[in-house]
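Me: I should like to learn how to read the features of a structural model. Could we work through one case together?

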Amino acid sequence: MKPLTVIGFLGSTLDAGPFKAARWNKWRPSVSLTMHEDLRVDRFILIHSAQHHRLAELVTADIGSVSPETHVEPRIMELDDPWDFEEVYGKLLDFAQDYPFDPDKEDYLIHITTGTHVVQICLFLLTEARFLPGRLLQTQPAKKMEGAFPGRLNMIDLDLSRYDSLASRFAVQMAEGSSFLKSGIETRNSAFNTLIDEIEQVAGRSKAPILLTGPTGAGKSHLARRIYELKKRKHQVSGGFVEVNCATLRGDNAMAALFGHTKGAFTGAASERAGLLRTADKGMLFLDEIGELGADEQAMILRAIEEKRFLPVGADKESVSDFQLIAGTNKDLHAAVIEGSFRDDLLARLNLWTFSLPGLADRKEDIEPNLDYELDRFAEREGNRVTFNKEARQKYLDFANSKTASWSGNFRDLAASVTRMATLSPAGRIGRDTVEQEITKLERLWHGGKADTKDDLGGLLSEGTLHELDPFDRVQLAEVISVCRNSKSMSDAGRTLFASSRQRRKSANDADRLKKYLARFGLSWAEIVSAA
């Protein structure tokens, strides 16, 4: 059996008594609970104020006399008003988050007989929320016919309906959880924020599989890890985070990698292998690109999800792994089911909680806060803080939010872009020239190696001029240049371009009109013809 730790408050009234032998004639909850023959308490975290230090010493000594195996650890917690919900909840939450709980190695009982009613209720709330990863325990004195000691032990339930004033505290906790899932980024897209709020609730209350869908680079892997870290903070998982890219699993090695194998199970199996599912025991398994799994692997994964059991390659005995699952995909799994490449029963098991992450192009209002986040990540990674000058930052954001910016690689493109600009700015300031060079690189990335495939303006105008053009002017100018390059002379081009309006003029100087139009953009006939 695992060691047992009790956490409870010193009862300034219930645990008190004369500092003489007569105190043993009184039922005292903190002492009495250690007297039960069927309850071995290895450690007792006794919370008290400095004011009651002497009583705490007496109770500690009395526990030692009746239960020598119990190690009492007095813990001072000062409460200005032990009837104030906000103060009590806040200080107990701090205690819970700072305490090194290890549910795999210890069991915990939260004693709620002592302390004010507010203390008891806050202990209940924190236990229900898994900030205190234990069971609730209430003790009470024995009835007359049962004898004086040690009283009775009961598991209890509390009616919280009268305590609606705590709703705001829970709202704060939920907001903190949502912010944690977003890595502290102050995202502005309302649909995305609503999505994250829902994921936070599901992650805190459900152990069922979660399916994250969305385009490559939308942040599925990052979000999966944050969900794991949030669950670990709440003591809902104790194992590790195991990430698997299913697209890399092919052939016989796929089964062995996922489910493990015995020594000699196949050629090259020189030793036993635990497999990724067993490695994820008591933790979280993230199967990225789950739509790439083969049919056999899908069948075994389904059984492992439902029964927590699977058969390693070459084994005659099943392995057990109690993991929580997150799956990710950029495929339409419903379409894959229709095509026959994905099991409908597996999709049904995954589809309880499905969240679709939008691409960066659909969240352009979130580009600016994510830009700052990537600069912070660069500073942490490289130990070098880099910032934009004002003009360069605005130019980059104008481009990033324009229709020209497709962000086909989503947040991966943004992260790579920031890394390039920061690396090429050794003085610590990203300037306009660096931004213009980066814009050219991104357009070439998104347009198959060319700065722009929609028109021929890239070879005539600077990137800065291009991005200052309205879409209307750009389309019009591109058509004008196309006509010029297919005309014998400027006059010929002018006659084509002004074919209707020239009929209404007394004198038609089409070449001059065309010359003035091109001059608006700093272009000349000679430049256009020579660049053709």
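The dialogue below takes up confidence, helix packing and the surroundings of two residues.

Me: What kind of model is this, and how are its residues numbered?

Reply: This is a predicted model, with residues numbered from 1 along each chain as its sequence is written. Local features need pLDDT of at least 70 and side-chain atom pairs count only at pLDDT 80 or more, whereas totals for chains, interfaces and linings use all residues; side-chain values use heavy atoms, with hydrogens and water left out.

Me: What average pLDDT does the protein have?

Reply: pLDDT is the predictor's confidence in each residue, from 0 to 100. The protein averages 86, and 92% of the residues score at least 70.

Me: Which elements have the lowest and the highest mean pLDDT?

Reply: Helices (H or I, at least four residues) and strands (E, at least two) are DSSP runs, numbered from the N terminus. Among the elements, helix H5 (residues 167-181) has the lowest mean, 66, and strand E2 (residues 43-48) the highest, 96. Over residues 157-163 pLDDT stays under 50. Where pLDDT is low, the predicted coordinates should not be read in detail.

Me: At what angle do helix H19 and helix H20 pack?

Reply: Axes are lines fitted to C-alpha atoms, for helices over the stretch in contact, and angles run from 0 to 180 degrees between N-to-C directions. Helix H19 (residues 490-497) and helix H20 (residues 510-519) pack at about 85°, their axes 7 Å apart. H19 is therefore roughly perpendicular to H20 (angles under 35 degrees count as roughly parallel, over 145 as roughly antiparallel, 65 to 115 as roughly perpendicular and the rest as oblique). Contact means heavy atoms within 4.5 Å; H19 contributes Met490, Ser491, Ala493, Gly494, Arg495 and Leu497, and H20 contributes Asp510, Ala511, Leu514 and Lys515.

Me: Which residues of H19 are buried?

Reply: Buried means under 20% relative accessible area, exposed over 50%, partly exposed in between (1.4 Å probe, protein chains only). In H19, Met490, Ala493 and Gly494 are buried. The cover over the buried residues of H19 includes helix H18 (471-485), H20 and helix H21 (525-531).

Me: Is serine 30 buried or exposed?

Reply: Serine 30, in helix H1 (residues 29-32), counts as buried because its relative accessibility is 0%. Beyond four places in sequence, serine 30 touches Phe9, Asp15, Phe44, Leu46, Val59, Ile63, His111 and Thr114.

Me: Where does threonine 213 lie?

Reply: Threonine 213 belongs to strand E7 (residues 210-213). At 16% relative accessibility, threonine 213 counts as buried.
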